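Student: Please give me a close look at one part of this structure, and then show me how the rest relates to it. I work with force fields all day, so I would like the cut-offs spelled out.

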Amino acid sequence: MDEQDDTRPPTRHLSEEECWSRIEAAPFGRIAVFAAGEVDIFPVNHMVDHDGADAPAIVFRTAAGTKLLELTIHSHVAFEVDGYTDEDAFSVVAKGEARQLERQSEIEHAETLGVHPWAPESKDRWVRIQPTDVRGREFRR
């Protein structure tokens with residue numbers, strides 16, 4: 001189809017509330033981390049944590065390894081979810097600071113969020129991303 005013949009409405013930017021709704025509904029997301037001159041992207045199962053003085057945060061479980069090491073070295077990360085239906089498609093990106101949860105009270109709270117990793121390996125470390133920027137868009141397919 002020629003771009004000029006496309007009668008679909010233009011891409012629509014999502015409100016912050018719509019972005020958080022899409023993040024919450026997504027079964028998994030992807031975290032992009034940067035370390036040693038390389039960008040890596042990892043899929044993660046996550047939940048949104050609304051319990052805190054700050055804005056909502058994204059929480060996921062992981063194991064010791066590359067992902068945890070890289071976000072420890074460089075804590076500024078991007079988190080992305082996307083999806084589609086027969087009618088439309090969307091993408092949401094949250095950028096912010098990630099940190100491993102270390103206080104027992106934080107870990108106990110994170111365990112109440114219901115994060116269940118799909119991978120069979122033990123995921124005994126908790127990470128919280130506190131976004132400073134959340135943006136999304138959707139368009140008709």
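Tutor: Here is a walk that starts from one helix and moves outwards to its surroundings. This is a predicted model, so local features are taken only where pLDDT is at least 70 and side-chain atom pairs only at pLDDT 80 or more, while totals for chains, interfaces and linings use all residues. Residues are numbered from 1 along each chain as its sequence is written, and side-chain values use heavy atoms, with hydrogens and water left out.

Let's begin with helix H1, residues 16-25, where Cys19, Trp20 and Ile23 are buried. Buried stands for under 20% relative accessible area, exposed for over 50%, and partly exposed for what is in between (1.4 Å probe, protein chains only). Helices (H or I, at least four residues) and strands (E, at least two) are DSSP runs, numbered from the N terminus. The three buried residues sit on the same side of H1, because they cover an arc of only 95° around the axis, counted from the directions from the helix axis to the C-beta atoms. An α-helix has 3.6 residues a turn, so residues three or four places apart point the same way. On the face turned away from the buried side, H1 carries the exposed residues Glu17 and Ala25.

What covers that buried side? Strands E4 (46-49), E5 (57-62), E6 (76-84), E7 (88-100) and E8 (125-140) are included in the cover.

Strand E4 holds histidine 46, which is buried, with a relative accessibility of 5%. A polar atom of the histidine 46 side chain lies 2.9 Å from the backbone oxygen of isoleucine 23; a polar contact is a pair of N or O atoms within 3.5 Å, where, within protein, one must be able to donate a hydrogen and the other to accept it, and residues adjacent in sequence count only if both atoms are side-chain atoms. Beyond four places in sequence, histidine 46 touches residues including Ile23, Phe28, Ile58, Phe79 and Val115, contact being heavy atoms within 4.5 Å.

Ile23 also leads us into the largest nonpolar core, which has 24 residues and counts Ile23, Ile31, Leu71, Phe79, Val92 and Ile129 as those with the most contacts inside it. Such a core is a set of buried Ala, Val, Leu, Ile, Met, Phe, Trp, Tyr and Cys residues joined through side-chain atoms within 4.5 Å. Two or more residues come from each of H1, E2 (29-35), E3 (38-44), E5, helix H2 (66-73), E6, E7 and E8, and E7 gives the most, with four. Within reach of phenylalanine 79, leaving aside residues up to four places away, are Ile23, Arg30, His46 and Ile129, among others. Apart from this core lies another, of seven residues, among them Ile107, Leu113, Val115 and Trp126.

Now for the charges: the whole structure has ten salt bridges, each a side-chain nitrogen of Lys or Arg within 4 Å of a carboxyl oxygen of Asp or Glu. A network of them links Arg12, Glu18, Arg22 and Glu138. Another joins aspartate 82 and arginine 30 at 3.7 Å, N to O. Aspartate 82 is in strand E6 and arginine 30 in strand E2, so this pair ties together parts 52 residues apart in sequence. Aspartate 82 is partly exposed at 38% relative accessibility, and arginine 30 is partly exposed at 26%.
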